[in-house]
Structure formats: structure tokens, C-alpha cells
Amino acid sequence: GGSTLFAPHLPPMLLAEGIAEGELIEGTLRVSKHLPEEAVVRSSGGDGGNGGGGRAGVGDVLIPTRVFQNRAFDGDTVAVRLLPRSQWAAARSKSLIVTEYTEEAKE
């Protein structure tokens, strides 16, 4: 076979722990209709709505490449870890609205 393009998925137990501890953010992947290599994860817990989903204060999280989408499709429930702020990028697609996250959510 060839080289591995995508990172392996985390085991379910590590996913649950990471979400519970706020290290991972759980939400729904929404892929841009105009630029499919870009997507956002709409945090299911960032507004405090369901008591889960990760960090408070996190809005939409930009997923700037297909590699970071890691085999997920539009509408899938996913868990993501924020990159260091120095690696954040702005969305190129005008169809993505990305909300700013508050300073209370640590890097």
C-alpha cells in the first residue's frame, strides 16, 4: 500500500474522556458548498446547551483542509482538537461563517 493520508481515529474511550475534559470539541461537520475542502464544526456544547461537547465559549471551528476532515462527511458528528492559535486560519469560502471563540477557552 501507499502512505497514510489521514490520521487514525481515536478509540471511543479516549474520545469520551477528551470531550468530558474539554480537550476535544464535539459537533457537527458542515462542509462548504462552494469550497468543499473547507468545513466548520458546529460545536454542540459550546453554548452550554447539552452539557457536553467540550469547551464553553467555542463557536464554529474552521476545518481548513480535507486532510483535517479525516474521512468525515457533511453532517457527521465529529470531535476536534484546536490547533495552537498561531496556526489558525481564516475561512476562504464566503459561505462559512466562523464565530470567534472567547479568551476563556485556553489554547
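**Figure 1. Strands E1 and E4 pair in the antiparallel sense.** The model shown is predicted. The pairing of E1 and E4 runs over 4 bridges. One of these joins Glu 26 to its partner in E4, Ala 79. Strand E1 covers residues 25-31. Strand E4 spans residues 77-80 and has two faces. Val 78 and Val 80 form the covered face. Thr 77 and Ala 79 form the uncovered one. Ala 79, the bridge partner of Glu 26, therefore belongs to the uncovered face of E4.

**Figure 2. The whole protein combines 2 helices and 4 strands.** Read from the N terminus, the order of elements is α-β-β-β-α-β. The protein has 107 residues, and 32% of them are buried. Among contacts with a separation of 6 or more, 61% are between residues 24 or more positions apart. The accessible surface comes to about 7100 Å². Carbon and sulfur atoms account for 56% of that surface.

**Figure 3. Ser 32 sits in the loop between E1 and E2.** This loop connects strand E1 (25-31) with strand E2 (39-43). Is Ser 32 buried or exposed? Ser 32 is buried, because its relative accessible area is 4%, under the 20% limit. Its side chain reaches two backbone nitrogens. The side chain of Ser 32 comes to 3.2 Å from the backbone nitrogen of His 34. The backbone nitrogen of Leu 35 is reached by the side chain of Ser 32 at 3.0 Å.

**Figure 4. Arg 92 joins Glu 37 and Glu 38 in a network of salt bridges.** Side chains of opposite charge can pair when their charged atoms come close. The side chains of Arg 92 and Glu 37 meet at 3.5 Å, N to O. This pair links distant parts of the chain, 55 residues apart. Arg 92 is in the segment after E4, and Glu 37 is in the loop between E1 and E2. A salt bridge also forms between the side chains of Arg 92 and Glu 38, at 3.6 Å, N to O. Here the partners are 54 residues apart, and Glu 38 too is placed in the loop between E1 and E2. How accessible is each member of the network? Arg 92 is exposed, with a relative accessible area of 56%. Glu 37 is partly exposed at 25%. Glu 38 is buried at 1%.

**Figure 5. Asp 60 and Arg 42 form a salt bridge between two strands.** The closest N and O atoms of the pair are 3.0 Å apart. Asp 60 lies in strand E3 (residues 60-63) and Arg 42 in strand E2, so the salt bridge ties together parts that are 18 residues apart in sequence. Asp 60 is buried, with a relative accessible area of 15%. Arg 42 is partly exposed, at 37% relative accessibility. The count of salt bridges in the protein comes to 4.

**Figure 6. Five residues make a nonpolar surface patch.** The members are Leu 5, Val 67, Phe 68, Leu 83 and Trp 88. Together they make a patch of about 460 Å². Val 67 is found in helix H2, which spans residues 66-69. How exposed is Val 67? Val 67 is partly exposed, with a relative accessible area of 41%. That value allows Val 67 into the patch because patch residues need over 30% relative accessible area.

**Figure 7. Asn 70 and Arg 71 have positive phi values.** Most residues other than glycine have a negative phi. Asn 70 is not a glycine, yet its phi is positive, about 45 degrees. Arg 71 is not a glycine either, and its phi is about 75 degrees. Where do these residues lie? Asn 70 is in the loop between H2 and E4. Arg 71 has its place in the loop between H2 and E4 as well. Their accessibility sets them in separate classes. Asn 70 is buried, with a relative accessible area of 16%. Arg 71 is partly exposed, at 40%.

Note on methods. Residues are numbered from 1 along each chain as its sequence is written. This is a predicted model: local features need pLDDT of at least 70, side-chain atom pairs count only at pLDDT 80 or more; totals for chains, interfaces and linings use all residues. Side-chain values use heavy atoms; hydrogens and water are left out. Buried means under 20% relative accessible area, exposed over 50%, partly exposed in between (1.4 Å probe, protein chains only). A polar contact is a pair of N or O atoms within 3.5 Å; within protein, one must be able to donate a hydrogen and the other to accept it, and residues adjacent in sequence count only if both atoms are side-chain atoms. Contact means heavy atoms within 4.5 Å. Accessible areas come from the Shrake-Rupley method with a 1.4 Å probe; for residues, only the protein chains shown count as cover. Patches are made of residues with over 30% relative accessible area and no salt bridge: like charges are joined within 9 Å, nonpolar side chains (Val, Leu, Ile, Met, Phe, Trp, Tyr) within 5 Å. Two strands pair if DSSP finds at least two bridges between them.
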